[in-house]
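Please look over the structure shown here before reading on. The text is meant for someone who has not met this protein before.

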Amino acid sequence: MTHDTKLTTAAPLPKPAALEALAALLPLDAQAPLDVKLERSRHILDTLLASTGLTPRQMAVAYTGGKDSGVVLHLWRVALSAAGKGPLRAISVDTGLKFPQVTAFRDKHCDDLGVELTLARPQADIATYPVGQDKLACCGDLKITPLGEALRGTKTAVLLVGIRRDEHPSRAGRPYAELRAQTAMTPEYWQVNPILDWTEMDIWAFITGQGLPYCELYHQGYRSLSCMPCTKPCEGCVLGDANERQGRDQGKEQQMDALKSLGYF
């Protein structure tokens, strides 16, 4: 089921001790075996279900249609199934500039899994919007503001996000659980990062080992997927090297800390 959201008042946000404990967990070594990292990810997700007092209705996966959020969606689905709980919810920020291959894959995959998918769309007219001219304003209008509206509209208290420490310097020191402060664009919410310890190679090893589906663009030289104007194939890159996000717009990449302060992942 897919639906859009409208701006409403956010529900009061609980601050469970279990989430604070996850925030205090020390990171695993980046070279730890994948099964050790997987066990940590499962512990994080099981804690959300068993110890926070929150319901799955109050939680959602930030699903982009990409490889990392796809792994998080799979792990969350398994955790919910094992606990006999649901629904399986996801929020997808759809700027109107995503690759058609990504949106087609996202929609089919969510339909196949029975995901309750919320599309967070901007109010701006993409046909006339000055896309990419001001990186902060563009991401704010097309990504962060719609995300905030979706979080409020669905009363989502916990958002499960597929960021990894190794993919960008701004994410190297992030905790497993972050109480994100309210900004002009987003409400206060908990961001939970269950695959922080994973590397790009871990992601692909898990996807291939589990036989999980993924977007066809990864066979066309793309290693990291965003909006079409700001994403290109990673030329000369080797899977697992430090250039995973080389295909992203580098002007935006240099402002990740500023974007995070506005409410970006």
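What follows goes from the whole chain to its cavities and then to its aromatic rings.

The model is a predicted one. Its pLDDT averages 89 over the protein, and 88% of the residues reach at least 70. Residues 5-9 have a pLDDT below 50. In the model, that stretch still makes 15 contacts beyond near neighbours in sequence.

The secondary structure consists of eight helices and seven strands. The protein has 265 residues, and 54% of them are buried. Among the contacts with a separation of 6 or more, 73% are made between residues 24 or more positions apart.

The next topic is the space left inside the protein. Rolling a probe the size of a water molecule over the atoms shows where empty space remains. Counting cavities of 30 Å³ or more gives four. The second largest cavity has a volume of about 110 Å³. Its lining is made up of 13 residues, and those closest to the centre are C138, C139, K143, C227 and C230. Which helix gives the most to this lining? Helix 5, covering residues 135-154, does so with five residues. By character, the lining of the second largest cavity has eight nonpolar residues, two polar ones and three charged ones.

The last topic is the aromatic rings. The structure contains five aromatic pairs. One of them joins W204 and Y214 in an edge-to-face arrangement, with 5.0 Å from centre to centre and 85° between the planes. This pair links distant parts of the chain, as its two residues are 10 positions apart. W204 belongs to helix 6 (residues 200-210), while Y214 sits in the loop between helix 6 and helix 7 (250-253).

Are W204 and Y214 buried or partly exposed? W204 has a relative accessibility of 13%, so W204 counts as buried, because the cut-off for buried is under 20%. Y214 has a relative accessibility of 29% and therefore counts as partly exposed. The two residues also belong to a cluster, in which ring pairs link W204, Y214 and Y218.

Another of the aromatic pairs is formed by Y264 and F265. This pair is stacked, with the ring centres 6.1 Å apart and 25° between the planes. The planes count as stacked because the angle is under 30 degrees. Y264 and F265 are both buried.

Key: Residues numbered from 1 in each chain as written. Predicted model: local features only at pLDDT ≥ 70, side-chain atom pairs only at ≥ 80, totals over all residues. Heavy atoms only, no water. pLDDT = per-residue confidence, 0-100. Contact = heavy atoms within 4.5 Å. 1 Å grid on protein atoms, 1.4 Å probe; cavity = no way out; pocket = protein on both sides within 12 Å on 5 of 7 lines; lining within 4 Å. Points joined across faces, edges and corners; volume = space filled by probe spheres on them. Helix = DSSP H or I, 4+ residues; strand = E, 2+ residues; numbered from the N terminus. Nonpolar A, V, L, I, M, F, W, Y, C, P; charged D, E, K, R; others polar. Phe/Tyr/Trp six-rings, centres within 6.5 Å; stacked < 30°, edge-to-face > 60°. Buried < 20%, exposed > 50% of the residue type's maximum accessible area, 1.4 Å probe, protein only.
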